[in-house]
Amino acid sequence: MYEKAPYFYGTGRRKSSVARVRVYQGTGKVTINDRPIDEYFGLETLKLIVRQPMVLTETLGKFDLEI
């Protein structure tokens, strides 16, 4: 039915792959496929790439991402 809180969403597609992202107000938590970003990505450079748009817009720590 309804989600826990209002959110913004986006969808990206390429060939047969689909990526869905939900952006909630929060504390900066990033979840990918129901796993924390630290568990999903082992390399710090990959984590940096995921967080780069948030750093650029100065919103790091203000939103939670569910990917």
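**Exercise 1.** In this predicted model, locate Asn33 relative to the strands and state the sign of its phi. Treat Asp34 likewise.

*Solution.*
Step 1. Asn33 belongs to the loop that connects strand E3 (30-32) with strand E4 (35-36). Asp34 is found in that loop between E3 and E4 as well.
Step 2. The phi of Asn33 is positive, near 50 degrees, and that of Asp34 is positive too, at about 65 degrees.
Step 3. Most residues other than glycine have a negative phi. Neither Asn33 nor Asp34 is a glycine.
Step 4. Asp34 has a relative accessible area of 77% and is therefore exposed.

**Exercise 2.** Determine which residues are joined into one network by salt bridges that share partners, and classify Lys47 as buried or exposed.

*Solution.*
Step 1. The structure holds three salt bridges. One of them pairs Arg35 with Glu39 at 3.8 Å, N to O; Arg35 is partly exposed at 34% relative accessibility, and Glu39 is exposed at 52%.
Step 2. Lys47 pairs with Asp38 at 3.2 Å, N to O.
Step 3. Lys47 also bridges to Glu44, with the closest N and O atoms 3.1 Å apart. Both residues lie in helix H2, three residues apart, about one turn of the helix.
Step 4. Asp38, Glu44 and Lys47 thus form one network through shared partners.
Step 5. Buried means under 20% relative accessible area; Lys47, at 5%, is therefore buried. Its partners Asp38, at 54%, and Glu44, at 55%, are exposed.

**Exercise 3.** Identify the nonpolar patch on the surface that includes Leu46.

*Solution.*
Step 1. Leu46 lies in helix H2 (residues 44-56) and is partly exposed at 33% relative accessibility.
Step 2. Leu43, Leu46 and Ile49 make up the patch, which together has about 280 Å² of accessible area.

Technical notes: Residues are numbered from 1 along each chain as its sequence is written. This is a predicted model: local features need pLDDT of at least 70, side-chain atom pairs count only at pLDDT 80 or more; totals for chains, interfaces and linings use all residues. Side-chain values use heavy atoms; hydrogens and water are left out. Patches are made of residues with over 30% relative accessible area and no salt bridge: like charges are joined within 9 Å, nonpolar side chains (Val, Leu, Ile, Met, Phe, Trp, Tyr) within 5 Å. Accessible areas come from the Shrake-Rupley method with a 1.4 Å probe; for residues, only the protein chains shown count as cover. A salt bridge is a side-chain nitrogen of Lys or Arg within 4 Å of a carboxyl oxygen of Asp or Glu. Helices (H or I, at least four residues) and strands (E, at least two) are DSSP runs, numbered from the N terminus. Buried means under 20% relative accessible area, exposed over 50%, partly exposed in between (1.4 Å probe, protein chains only).
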